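Open the structure in your viewer and keep the selection panel at hand, since this tour moves from the whole assembly down to single side chains. At each stop you will be told what to select and what is there.

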Protein chains: 2
Amino acid sequence: MDEIRIFAPATVANLSCGFDVLGCCLDTVGDEMLIKKNDLGEVRITKLTGQDLPLETDQNVAGVAAKSLLGELGSKQGFDIEIYKKIKAGSGIGSSAASSAGVVFAINKLVGEPFSPEQLIPFAMEGERLASGNAHADNVAPALLGGFSLVKSYDPLEVISLPSPAELRMVVLHPLIEIKTKDSRSIIKQNVSLKKAISQWGNLGAFVSALYTEDYALLGRSLQDEVVEPIRSILIPYFDDLKQVAMDKGALGFGISGSGPSVFALCKGNDIAQNVKTAINEFYKAKAIDFELHLSEINTEGIKILE
Amino acid sequence: MDEIRIFAPATVANLSCGFDVLGCCLDTVGDEMLIKKNDLGEVRITKLTGQDLPLETDQNVAGVAAKSLLGELGSKQGFDIEIYKKIKAGSGIGSSAASSAGVVFAINKLVGEPFSPEQLIPFAMEGERLASGNAHADNVAPALLGGFSLVKSYDPLEVISLPSPAELRMVVLHPLIEIKTKDSRSIIKQNVSLKKAISQWGNLGAFVSALYTEDYALLGRSLQDEVVEPIRSILIPYFDDLKQVAMDKGALGFGISGSGPSVFALCKGNDIAQNVKTAINEFYKAKAIDFELHLSEINTEGIKILE
């Protein structure tokens, strides 16, 4: 196999109670990538459509992730990478993660799968380091593994795949304003009151439990965030109104996707998710902000090979 | 039914990664209580053996918990409470919780079970408030519900029962020095770095996941505590040595039980638990500190009615 075409999915990280440790994989939003072996012994970004992003290998998250993997293998194989971006950079739904995870998934396939999906995570994280200055795993892990991922620890890196109750749906609104992950991180306080931290880990534990027991209502009640949301939500136009609109239409919970500005509504079933999507659309189209709106199942497979 | 005799179990709260939200119920350590209706219209502590604790109803955790329940019912029924303490006060294995949970369990039975076990938790918490100034639920909940309990939130109070993998064993060492919960709480910092908090909730999420998947090794790896253990362990003689002894003998993890001074080693299977217990005994008996040492299964039933 000399080339492979893939779907590299968007992901929703943090999920309110799971700041920096939780993420899940979407199905209807994602990039396409075509990765081909070349005989030049170097990694090149040969095509990049849809977004204005660097083509220089060392400035491109896919380039950096690819070189990280090849470096570990000690491989001199070259690759041409074509990236058809559909996820906007700075959207908060894992644009850099899709490219980083996608390329390592693809190259791993093309060189005979020396690595398991879990083992690919650290290479993809190098792309995240370039994008945000922070090699976080809560987007690349669900992109590579599918479903819900919990980053148990970073040192050593340990990621746990959690179950995905079948009726879960994500409605994701992306207001077309840009918040860089770097900036969005910089406004977070580096200390948290023990009281709020306890509340956060109580909710995270409950969320994990509810994924196993398929307790949709408990999933919703666990989507609380007293630590980061009160600060970051200020950057997101009409955040509180949007949450109200979504909850009024039956969403299980509502929060910031990644570092924003995208927001998500977690819903049970297609009907409610459609109602939430419609209501958010009605609400936001009256505002002077362009936006994109997605509805997706949880993608339990992660990155997919396209024919 | 006019009287009831019960076993009120000891409990291990916090469990390293679950400070203030996680607890589990022991089987071989606990008090006995005899609760009888009286015709006096008042709650009395008529007997208390094994520990030097107040007999005045309003100064005794069982008295306060009983009155809290009866007050909610608007009941004028009186009760005589006999408490045969085997759990030492200030041990860190839920002595006050056993009395508080035991009495509300017993009275609930004697008045026709108007409340579910979950609904009894707030009444038992009033005993905890008297004991430590903090109405925490992480001991009374597992005492009432059995197994592992997660306190998702306090406002509103929501407790989730988690599964108990069958081979889990607890070895609990109680060095006979007294640390009051009040004092032990006062040395904890009221702020925590976001980095450590993230690490803590990553571990708690993993611990909850591992209870469902019966991943014993992951349970062990998740028993990490960078927030409280580094501070509280200073109060516990030979803490680091004890942890080393336990881990060398194959314990899954080791930490402080409640607010100490008791410590626990979580183990897989009786053989390892026995080895850990023996090794801790050998180590500690060479020190100038009296101690008690327990080995228990996880008690999935909670409080038990004795014939």
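Begin by colouring chain A and chain B separately, keeping in mind that this is a predicted model. If you turn chain B by 180°, with 0.0 Å of shift along the axis of rotation, chain B superposes on chain A with an RMSD of 0.0 Å. That is the relation of a two-fold axis. The same surface serves both copies, for 100% of the contact residues of chain B recur in chain A.

Next, select the residues where the two chains touch. You should find 36 residues of chain B in contact with 36 residues of chain A. How much area is buried between chain B and chain A? The value is about 2,700 Å², and carbon and sulfur atoms give 69% of that area. To see where chain B contributes, pick out Lys152(B), Leu194(B) and Trp201(B), which lose the most area to chain A and together account for 27% of what that side buries.

Now show the side chains across the boundary and look for charged partners. Between chain B and chain A the count is two salt bridges, and one of the places to look is Arg221(A) with Glu158(B), whose side chains meet in a salt bridge at 2.5 Å, N to O. If you widen the search to polar contacts between chain B and chain A, the count is 13 residue pairs, both residues being at pLDDT 80 or more.

Switch to a cartoon view of chain B and select, one after another, strand 5 (148–154), strand 6 (157–162), strand 8 (191–193), helix 6 (194–213) and helix 7 (216–222), each of which supplies at least two residues of the side that touches chain A. Which element of chain B gives the most to that side? Helix 6 of chain B does, with 15 residues.

For the last stop, select the cysteines. How many disulfides are there over all chains? The count is zero, and two examples help to show why. The sulfur of Cys25(A) lies 7.6 Å from the closest cysteine sulfur, which belongs to Cys24(A), and this is too far for a bond, because a disulfide needs the two sulfur atoms within 2.5 Å. Cys25(A) is also buried, with a relative accessible area of 0%. In chain B, select Cys17(B), whose sulfur is 11 Å from the closest cysteine sulfur, in Cys24(B), and so is too far for a bond. Cys17(B) is likewise buried, with a relative accessible area of 0%.

Note on methods:
Residues numbered from 1 in each chain as written. Chains lettered and ligands numbered in written order. Predicted model: local features only at pLDDT ≥ 70, side-chain atom pairs only at ≥ 80, totals over all residues. Heavy atoms only, no water. Least-squares fit on C-alpha atoms with pLDDT ≥ 70 in both. Contact = heavy atoms within 4.5 Å. Buried < 20%, exposed > 50% of the residue type's maximum accessible area, 1.4 Å probe, protein only. Buried area = accessible area lost by both parts, 1.4 Å probe. Salt bridge = Lys/Arg side-chain N within 4 Å of Asp/Glu carboxyl O. Polar contact = N/O pair within 3.5 Å; in protein donor to acceptor, adjacent residues only side chain to side chain. Helix = DSSP H or I, 4+ residues; strand = E, 2+ residues; numbered from the N terminus.
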